[in-house]
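Dear colleague,

I am passing this structure on to you, and below it I set out what was found, beginning with the charged pairs and ending with the nonpolar interior.

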Amino acid sequence: MVGGLPRRGPLVGAPAREARVGLYTVALGDDGALLALWDGNCDGLVVAAFGVGHVPERLVEGLTGLASRMPVVLASRIGNGPVLSDTYGYPGSEKDLLGRGLIGAGDLSPYQARLLLRALLAQGADGAAVRETFTAFAR
């Protein structure tokens, strides 16, 4: 047993308000039509993307619009690996999406990212505070 202690996440206090956070799982053949349903119906969104944070190009415009109005966290749906930040640059890649305002979840699963995002928004965190917390946690 040579491993170090697991990294601890940020401390999150008691909620000050109710927060609604959606979880959108990207699927093969996804045309993005369901993304519009999240707009105005939640305070934040977690996207469970392919691999290291990729989505079909058809989803890029919808995700960009959502990320301009609320925190949108990009997680990997595979469950054993991080969302990368600078590997590929095509439309729908992790680099492209992060450049469009989405927030990387690092090693967090979509479910963990949803819990953290909900806790932050329930405390009244704004988009900048959400980004800072996820960025610090992803290191």
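Arg17, at 39% relative accessibility, counts as partly exposed, and in this predicted model it forms a salt bridge with Asp43, whose closest N and O atoms are 3.9 Å apart. Because Arg17 lies in the segment before strand S1 (21-25) and Asp43 in the loop between S1 and S2, the pair ties together parts that are 26 residues apart in sequence. Asp43 is itself partly exposed, with a relative accessible area of 24%.

The count of salt bridges comes to five, and among them is the one in which the side chains of Asp86 and Lys95 meet at 3.2 Å, N to O. Asp86 is exposed, at 53% relative accessible area, whereas Lys95 counts as partly exposed at 42%.

Asp96, which is found in helix H2 (residues 94-99), forms a further salt bridge with Arg100, with the closest N and O atoms 3.0 Å apart. Asp96 counts as buried at 15% relative accessibility, while Arg100, at 35%, counts as partly exposed. Leaving aside residues up to four places away in sequence, Asp96 touches Val60, Tyr88, Gly89, Tyr90 and Pro91.

Turning to the interior, the largest nonpolar core has 20 residues, and Leu63 is one of those with the most contacts inside it. Strand S2 (44-49), helix H1 (60-67) and strand S3 (72-76) are the elements that give two or more residues to this core, and H1 gives the most, with four. Apart from this core lies another, of 18 residues, including Ala19 and Ala122.

With best wishes

Notes
Residues are numbered from 1 along each chain as its sequence is written. This is a predicted model: local features need pLDDT of at least 70, side-chain atom pairs count only at pLDDT 80 or more; totals for chains, interfaces and linings use all residues. Side-chain values use heavy atoms; hydrogens and water are left out. Contact means heavy atoms within 4.5 Å. A nonpolar core is a set of buried Ala, Val, Leu, Ile, Met, Phe, Trp, Tyr and Cys residues joined through side-chain atoms within 4.5 Å. Buried means under 20% relative accessible area, exposed over 50%, partly exposed in between (1.4 Å probe, protein chains only). A salt bridge is a side-chain nitrogen of Lys or Arg within 4 Å of a carboxyl oxygen of Asp or Glu.
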